[in-house]
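I opened the notebook to go through one model from confidence to side-chain pairs. Entries follow in the order I looked things up.

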Amino acid sequence: MAIAAMTRRRPESRRRLPLALAVFAMAAQAQQGEGAAPSGGSIRPRIAISQGWTDNLRLSETNRDAALITTVSPGISIVRNTGALRGSLDYSLNGIAYLKTNYGSQLQNSLTANGQAEIIPRTFFVEAQASIGQQNASAFGLQAAPTLGSQGSVAALDNPNRRETGTLTVSPLLHGQLGGLASMDLRGNFSITEVRGSSLGDSRGRGGSLRIAQLNAGVLGWYLLASTQQVSSVGAASNRNSSAVAGLNYRPNLDWVFSANGGQERNDYLSGGGSAQSGFTGGVTAEWTPTPRTRVNGNWQSHNYGNSYGLSFEHRMRNSVWRVSDSRSVMLGNTGATGGVRTNYDLFFQLYASLEPDPVKRDALVRADLQALGLSPDAPAATGFLSTGPSQLRTQMLSFTLQGVRSNVTATVSRSITSRLGDNLNQGDLANNASIEQRSYALTGSYQLTPVTGLSLTASRQESVGDASRRAQLTSLICSLNSRLGSRLSLLLGARHSRFVGVTPYSENAAYATLTQQF
């Protein structure tokens, strides 16, 4: 049945071909690099088999359908830390079959990939990021908690509001010098987002930037930056933004860094893709790093369509980690409720942008921290939704982790407000709501029973609020036991209770077991 469904979607498969080719090309290149320098990384194939039971497959109070769910998930994890090609790739193909019901089988893809290729030493680079995951089409539609596994999560329940969404970003960079006085970085930005089974959320982006900065800058340095970016969405007008600014960097000591810029900007955000408006843009940035464990970063930028800003604070103590962030920015195309954030990995990858600009190093930092926190990279961090056109996004987040000898406690609270920008014609939820507020709360406690066995309990709630009192709320309680049966064999036992309040309220209970073998 899955093969027949894929055959019927042949035009859609052709649309997704560039993303698939890019992913396989990255994997092949990583394997070649791995063979050249075994000590620089690793290739770890795996297969996971999961058996689950749910008392409400169709997520309905009036048509509850108990079913057994079998999932087979072959996957591969590739890491390359040194050499001309660096990066990481984690991919799983989830085949899901159902028993005791007439619901058809399905295939799901799960991918996170970040890579950097040094084509010409110290001169020409290509950076790429790709992801495939599950996304809610509407913030107010049916929502469901995923089944957590040892390598991520699988959305196995019958949810017509769910869409598989893939993104690919490629950024070539040409680096050089101008007469030994300044450095030059010429960068291109090309992106594609595709939603399986729907044109809502599909977008294409292209643009570039040129940065010229003073070489061997001391306490005071200067830079010039010119950039342009255009994003086109299916069924919506394209939007473009161009700017040219000059700036100064001031570093009085190792702890403080200040920056200020000013220039001209031109965009069509307020006119729905019509005539563009020009105006002054300027801003300031400051970063304070008093110790290796403490970092404070803030920025503010003036725009004719509304000011943007960002503030983040992180402090690592001996047995705890504290993070606070608040930001406002403009998003183009399919952004969801949190700027493309769907999973814990997406959320932390965005939060660590100011801590580690290099995407390859940031990927390793994010995965290490998630493992230390006991959080699955693929577990959903926000409900999100599909949209088109420009929107203004404000995101706030507070998280802390308390670490004991054998136990960890992690709490995360986040809030995002997505608003229509100007007279743009948005599709999806933003067509009928001027702004959508989403809140997410999660509390996870874990305890290490033995050196190879751990127990965890997660309570979470996700809320969406729109105009005209439109609301949706998903509350979940998940308990799991994870144990290593051998050096490369692990077992996960889990149970879940979910309750949804919205257009079609329901409750659901489930139990599942996952066996994962790494090779």
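**Confidence**

Over which residues from 335 on does pLDDT stay under 50, and how many contacts beyond four places in sequence does the model have for them? I found residues 335–341, with 26 such contacts. This is a predicted model, so I went through the confidence before anything else.

I looked up the chain average next. The protein chain has a mean pLDDT of 83. At least 70 is reached by 83% of the residues. I then noted another stretch with pLDDT below 50, residues 1–39. The model gives that stretch 50 contacts beyond near neighbours in sequence. By element, helix α1 (residues 2–8) is lowest in confidence, with a mean of 35. Strand β13 (residues 256–267) is highest, at 96.

**Overall make-up**

I counted 5 helices and 24 strands in the protein chain. The chain has 519 residues, and 46% of them count as buried. I looked at contacts between residues at least 6 apart in sequence, and 58% of these join residues at least 24 apart. The exposed area came out at about 23900 Å². Carbon and sulfur atoms supply 60% of that area.

**Salt bridges**

I searched the whole structure and got 16 salt bridges. Side chains of opposite charge can pair when their charged atoms come close.

I took R64 and D55 to begin with. Their side chains form a salt bridge at 3.0 Å, N to O. Is each partner buried or exposed, or partly exposed? R64 is partly exposed, at 34% relative accessibility. D55 is buried because its relative accessible area, 16%, is under the 20% cut-off.

I turned to D65 and R58. They also form a salt bridge, with the closest N and O atoms 3.2 Å apart. Here D65 counts as buried, at 14% relative accessibility. R58 is partly exposed, at 23%.

I then checked E437. It forms a salt bridge with R439, and the closest N and O atoms are 2.9 Å apart. Following shared partners, I got one network that joins R415, E437, R439 and E463.

**S138**

Where does S138 sit? I placed S138 in the loop between β5 (124–136) and β6 (147–149). S138 counts as buried because its relative accessibility is 15%, under the 20% cut-off. I listed two contacts of the S138 side chain. It reaches the backbone nitrogen of F140 at 3.1 Å. It also makes a polar contact of 2.9 Å with the side chain of D429.

**Aromatic pairs**

I found 7 aromatic pairs in the structure. W256 and F258 are stacked, 5.3 Å centre to centre, with 5° between the planes. Both rings belong to partly exposed residues: W256 has a relative accessible area of 32%, and F258 is at 31% relative accessibility.

Y269 and Y305 pair edge-to-face, 5.0 Å centre to centre, with 65° between the planes. I looked up where the two tyrosines lie. Y269 is in the loop between β13 and β14 (277–291). Y305 is in the loop between β15 (294–302) and β16 (308–316). The pair links distant parts of the chain, 36 residues apart. Y269 and Y305 are both buried.

My last entry goes back to W256 and F258. Ring pairs link these two residues with Y250 and W288 into a cluster.

Definitions and conventions
Residues numbered from 1 in each chain as written. Predicted model: local features only at pLDDT ≥ 70, side-chain atom pairs only at ≥ 80, totals over all residues. Heavy atoms only, no water. pLDDT = per-residue confidence, 0-100. Helix = DSSP H or I, 4+ residues; strand = E, 2+ residues; numbered from the N terminus. Contact = heavy atoms within 4.5 Å. Buried < 20%, exposed > 50% of the residue type's maximum accessible area, 1.4 Å probe, protein only. Areas by Shrake-Rupley, 256 points an atom, 1.4 Å probe, with all protein chains shown as cover. Salt bridge = Lys/Arg side-chain N within 4 Å of Asp/Glu carboxyl O. Polar contact = N/O pair within 3.5 Å; in protein donor to acceptor, adjacent residues only side chain to side chain. Phe/Tyr/Trp six-rings, centres within 6.5 Å; stacked < 30°, edge-to-face > 60°.
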